[in-house]
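Thanks for taking a look at this one with me. Below are some notes to help you find your way around, set out as numbered points.

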Amino acid sequence: MPATALLPLLTRIAESLERMAPPPADPAMLDDPTQDSFIWQGGSGHLLPIPHMQAVPLKLLKGIDRQIRQVMGNTRFFAHGLAANNVMLWGARGMGKSSLVKACLLAVNEEQRRNGQPPLALIEIPRDDLATLPQLLALLRRTSRRVILFCDDLSFETQDADYKSLKSVLDGGIAGRPDNVLVYATSNRRHLMPQNMIENEAGDAINPGEAIEEKVSLSDRFGLWIGLYGASQPHYLSIIDAYAEERQLPIAREELHRRALQWAMQRGSRSGRVASQFITALSAELAEEAR
């Protein structure tokens, strides 16, 4: 095919690919005060609005009053334009770490709207998109809205270098973190790295102390470390009672507790997640019995 005939064809192909590609993220979408939550899609550089964020009401989070006060206080400070810390919530699985973040954001935003003040935005960034954090921060520098970046179930494995992108954002990067951005993260690991990874680094390194410092320094850059621990039996049952009251389940308290403890024994753990799963199954059973 002659070059003069090939050029129009290539032009049409390029134009078609441009139309198929998702539009780049526009910081103007963050200016919508009715939109609280987004997901960052690092591969396409796109912000996906989430119209209804799935969240447990704050009143259903039982047995973690101290943790609620800490996260609520820090989030309020940030919403009011005051100094606030990046937050790391770590501890037992299923104990409400991510639920606490989302519930506190919704509660603070309700206060902000009631007082005629701008609400916060929550942007969830998937673990695999951490390398695109500089691109997201460049976008957030173009908006005045205050934003919490949420990294859920955060951890790193051997030979994983993405933690360096997060370290740069939290502290020490030449551009720095924008004043309108905080980072909230959850993890089952206190130091975000598996213990054997830290030990291996220490064993292989010429200066083992420096290797360990490099690995644990990421969690040190969160100003607030908040631990959530496994549920005792009374704690677990208080969660069960709160869920049952919320759904107005027609069951005697003694029977509710007996079945809830049996469910926990079958699952081999007591946690907020196990309690929620039990209540879901029980609600369906009771509804079926009532038919």
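1. A word on terms before the tour: a pocket here is an open set of grid points where a 1.4 Å probe fits, with protein on both sides within 12 Å along at least five of seven lines. A pocket's volume is the space filled by probe spheres set on its points. Please also keep in mind that this is a predicted model.

2. With that in hand, start at the largest pocket, which holds about 550 Å³ of space. Its lining comes to 27 residues, and those nearest its centre are G94, G96, S98, S99 and R273. Which elements supply at least two residues each to this lining? They are α3, β6, α8 (233-247) and α10 (272-290). By class, the lining divides into 12 polar, 8 nonpolar and 7 charged residues.

3. The second largest pocket has about 180 Å³ of space. Among the residues that line it are A92, R93, G94, G230 and A231, along with R267, S269, R270, S271 and R273. G94 and R273 also appear among the residues nearest the centre of the largest pocket. Helix α10 gives the largest share of the second lining, with 3 residues. Its classes are 5 polar, 4 charged and 3 nonpolar.

4. Now step back to the whole protein, which has 10 helices and 7 strands. Of its 291 residues, 43% are buried. Among contacts with a separation of 6 or more, 76% join residues 24 or more positions apart. The protein exposes about 15600 Å², and carbon and sulfur atoms supply 52% of that area.

5. Helix α3 deserves a careful look. Its 18 residues, 97-114, should span 26 Å at 1.5 Å a residue, and this agrees with its end C-alpha atoms, which are 26 Å apart. The buried residues of α3 include K97, S98, L100, V101, A103, C104 and L105, and further along A107, V108, N109, E111 and Q112. What do these buried residues pack against? Their partners are α2 (65-79), β3 (87-91), β4, β5 (147-151), β6 (181-187) and β7 (224-228). Just after the helix, G116 takes a positive phi of about 70°.

6. Helix α2 can be read in the same order. For its 15 residues the expected span at 1.5 Å a residue is 21 Å, and the end C-alpha atoms are indeed 21 Å apart. Q67, I68, V71, M72, G73, N74, T75, F78 and A79 are buried in α2. The buried residues of α2 pack against α3, β3, β5, β6 and β7. Just after α2 comes G81, with a positive phi of about 80°.

7. Helix α10, already met in the pockets, has 19 residues, which should span 27 Å at 1.5 Å a residue; its end C-alpha atoms are 27 Å apart, in agreement. Its buried residues are G272, V274, A275, F278, I279, L282, S283 and L286. A general point helps when reading such a list: an α-helix has 3.6 residues a turn, so residues three or four places apart point the same way. The buried residues of α10 pack against α8 and α9.

8. The loop between β4 (121-124) and α4 (133-140) is worth a visit for T132. Is T132 buried or exposed? T132 counts as buried because its relative accessibility is 18%, and the cut-off for buried is under 20%. Leaving aside residues up to four places away in sequence, T132 touches W40 and G42.

9. D128 sits in the loop between β4 and α4 too. At 67% relative accessibility, D128 counts as exposed, since exposed means over 50%. How far apart are D128 and G43 in space? Their C-alpha atoms are 9.6 Å apart, although 85 residues separate them in sequence.

10. One last stop is Q248, in the loop between α8 and α9 (253-267). Its phi is near 55°, a positive value in a residue other than glycine. Most residues other than glycine have a negative phi. Q248 counts as exposed, because its relative accessibility is 69%.

Technical notes
Residues numbered from 1 in each chain as written. Predicted model: local features only at pLDDT ≥ 70, side-chain atom pairs only at ≥ 80, totals over all residues. Heavy atoms only, no water. Helix = DSSP H or I, 4+ residues; strand = E, 2+ residues; numbered from the N terminus. Buried < 20%, exposed > 50% of the residue type's maximum accessible area, 1.4 Å probe, protein only. Contact = heavy atoms within 4.5 Å. Expected span 1.5 Å × (residues − 1). 1 Å grid on protein atoms, 1.4 Å probe; cavity = no way out; pocket = protein on both sides within 12 Å on 5 of 7 lines; lining within 4 Å. Nonpolar A, V, L, I, M, F, W, Y, C, P; charged D, E, K, R; others polar. Areas by Shrake-Rupley, 256 points an atom, 1.4 Å probe, with all protein chains shown as cover.
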